[in-house]
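Student: Please give me a close look at the aromatic side chains, and then follow the chain outward from there to whatever they connect with. One continuous account is fine.

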Amino acid sequence: MTENQPSPEWEKLAAKLEQPREEGPLSPDEAAYFQIRDAAEGWQEIASLDTTTAWQEVAARIEHTHRKRYSINWFRVAAAAVVTGLIAGGAVFLLKPPRQQPTTSVVAHAAGNNQQIQLITGSGTTIILDTATQLKEADGTRITAGKTGVSYQSAQTSNTPVFNTLVVPRGHTYKVVLADGTRVWLNADSKLRFPVAFSGDRREVELEGEACFETTPMAAKPFLVKVGDVQVTVLGTEFNINAYTNKTLTTLVSGKVKVDAGALAKELSPGQQAVYGQGNMTVAHVDAEQFTAWKEGLLIFDNESLGDIMTRLGREYDYTIHFENTAIQQQRLGGNLEKSPSVAQVLTLLEQMADIHFVIDQPKRTIMVKHK
């Protein structure tokens with residue numbers, strides 16, 4: 001086969017998987033296909049994908065998956081190793097060796113989450129982002145959207161600001177590239193309101209939920225994020241904001257930000273986190289990677305309670321969590337896992353780390369947590 005000639009194996013797999021499919025765990029080749037396809041940023045890159053090379057990577061990942069289904073390593077080593085490259089489906093890093101015969105139970109199978117990612121345009125029209133879409137706003141801004149991300153190209157034909165709102169439901173994540181080039185990853189159950197083109201002397205957006213930002217440096221036009229009573233001012237940096245609860249966590253990866261909450265204001269250095277809630281603000285040094293790894297497809301738990309872990313999994317996979325008793329919620333776990341397409345696979349791994357058992361009810365989209 002000559003270089004750049006389409007791979008029949010890839011084309012066959014693509015034809016199969018781009019059709020509607022029933023919900024359920026993905027096979028190794030299916031998982032590898034979607035990870036490689038989604039790694040291409042923008043539909044033009046997907047269209048020009050070298051399918052011969054892509055298929056070779058699918059085959060390599062399948063072999064890796066079968067050979068290294070339950071790899072084990074220490075937390076810090078695993079975290080450093082996994083984040084440096086593309087996520088290979090099925091490789092798992094845990095703090096302790098797996099036990100035998102995992103016991104996660106699935107009560108029944110049924111079609112699951114019907115919620116879809118939505119873009120609310122300046123006119124109030126709601127667009128479901130489930131296919132490749134080209135839009136044009138009232139000010140001339142061109143919008144290119146698809147299943148994994150949306151980007152904006154400002155035409156600057158009007159001084160009247162036009163706002164869009166991106167709504168990401170439970171069970172999804174999504175990426176938006178704003179008109180200034182700033183990249184924003186939205187986590188599950190989050191909402192971002194932003195102008196389609198930035199005018200004036202600052203760039204301002206409003207967030208609900210959680211997002212990771214990589215802002216484009218513009219010294220004369222600072223970037224601002226409003227989250228409830230908190231305002232984060234940025235000059236050019238990478239940071240994460242988590243505002244799911246009554247506390248807002250701002251974690252700085254690089255650069256510099258200022259966190260304002262009324263009379264309280266703190267400037268953060270890389271590796272610091274500001275926590276604001278109930279009129280108080282504290283700053284502490286943290287492992288920033290733990291709070292941003294979600295956008296890379298990682299689930300990192302560092303001595304977290306099972307209650308907090310399951311709250312997060314319920315949000316990211318769109319399940320309601322029930323506990324047999326409150327004592328189970330207090331168990332603390334630590335580990336570094338790749339986010340599987342199937343919540344059942346993640347729960348099976350958690351069972352190997354503690355004396356717990358999960359029962360999944362697919363039709364009701366609930367998970368019961370019990371003692372073994």
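**Aromatic pairs and their surroundings**

Tutor: The structure, which is a predicted model, holds four aromatic pairs. Take the pair Phe-213 and Phe-239: the ring centres are 4.9 Å apart and the planes lie at 5°, so this pair is stacked, planes under 30 degrees apart being counted that way. The two rings come from distant parts of the chain, since Phe-213 belongs to strand E12 and Phe-239 to strand E15 (residues 238–243), 26 residues apart. Phe-213 is buried, at 0% relative accessible area, and Phe-239 is also buried, at 0%. The stacked pair is part of a cluster: ring pairs link Phe-198, Phe-213, Phe-223 and Phe-239.

Phe-213 also has a place in the nonpolar packing. The largest nonpolar core has 41 residues, and Phe-213 is named with Leu-166 and Val-225 as having the most contacts inside this core. Strand E12 gives the core its largest share, four residues. In general, nonpolar side chains of soluble globular proteins tend to be buried together. A second core, of 24 residues, lies apart from the largest one; among its members are Tyr-317, Val-343, Val-346 and Ile-360.

Val-225 leads from the rings to the neighbouring strands. With residues up to four places away in sequence left out, Val-225 touches both members of the stacked pair, Phe-213 and Phe-239. The same list of contacts includes Val-205, Leu-207, Val-230, Val-232 and Ile-241, as well as the polar residue Gln-231.

Gln-231 is the next step. This residue lies in strand E14 (residues 230–234) and is partly exposed, with a relative accessible area of 21%, because the limit for buried is under 20%. Leaving aside neighbours within four places in sequence, Gln-231 is in contact with Leu-224, Val-225 and Lys-226, and also with Lys-258, Val-259 and Asp-260. The C-alpha atoms of Gln-231 and Ala-261 are 6.5 Å apart, although the two residues are separated by 30 places in sequence.

Those contacts lead to a hairpin. Strand E17 (residues 257–261) pairs with strand E18 (residues 264–268) in the antiparallel sense, over five bridges. Val-259, one of the contacts of Gln-231, stands opposite Lys-266 in E18. Two residues separate E17 from E18 in this hairpin, and Gly-262 in the turn has a positive phi of about 65°.

Back at strand E12, there is a charged residue to consider as well. Glu-214 forms a salt bridge with Arg-183, with the closest N and O atoms 2.6 Å apart. Glu-214 lies in strand E12 (residues 203–214) and Arg-183 in strand E10 (residues 183–186), so the salt bridge ties together parts that are 31 residues apart in sequence. Arg-183 is partly exposed, at 27% relative accessibility. By the rule used here, the count comes to twelve salt bridges.

Two of the others involve the region around helix H7. Lys-339 and Glu-316 meet through their side chains in a salt bridge, 3.2 Å from N to O. Lys-339 is in the loop between strand E23 (332–338) and helix H9 (343–351), and Glu-316 is in helix H7, 23 residues apart. Lys-339 is partly exposed, with 26% relative accessible area, whereas Glu-316 is buried at 3%. Some salt bridges share partners, and these join Arg-183, Glu-214, Lys-295 and Glu-296 into one network. Asp-318 forms a salt bridge with Arg-170, with the closest N and O atoms 3.2 Å apart. This pair spans 148 residues: Asp-318 is in the loop between helix H7 (306–317) and strand E22 (320–323), and Arg-170 is in the loop between strand E8 (163–168) and strand E9 (174–177). Asp-318 counts as buried at 12% relative accessibility, and Arg-170 is partly exposed at 25%.

Aromatic rings also meet charges directly. The charged end of Arg-365 sits over the ring of Tyr-319, 4.2 Å from the ring centre. Arg-193 lies over the face of Phe-163, at 4.1 Å from the centre of that ring.

To retrace the route: the stacked rings of Phe-213 and Phe-239 are both touched by Val-225, Val-225 is in contact with Gln-231, and Gln-231 is in contact with Val-259, which stands opposite Lys-266 in E18.

Technical notes:
Residues are numbered from 1 along each chain as its sequence is written. This is a predicted model: local features need pLDDT of at least 70, side-chain atom pairs count only at pLDDT 80 or more; totals for chains, interfaces and linings use all residues. Side-chain values use heavy atoms; hydrogens and water are left out. A salt bridge is a side-chain nitrogen of Lys or Arg within 4 Å of a carboxyl oxygen of Asp or Glu. Buried means under 20% relative accessible area, exposed over 50%, partly exposed in between (1.4 Å probe, protein chains only). Contact means heavy atoms within 4.5 Å. A nonpolar core is a set of buried Ala, Val, Leu, Ile, Met, Phe, Trp, Tyr and Cys residues joined through side-chain atoms within 4.5 Å. Two strands pair if DSSP finds at least two bridges between them. Rings of Phe, Tyr and Trp (its six-membered ring) pair if their centres lie within 6.5 Å; planes under 30 degrees apart count as stacked, over 60 as edge-to-face and the rest as tilted. A charge sits over a ring if NZ of Lys or CZ of Arg is within 6 Å of the ring centre and within 35 degrees of the ring normal.
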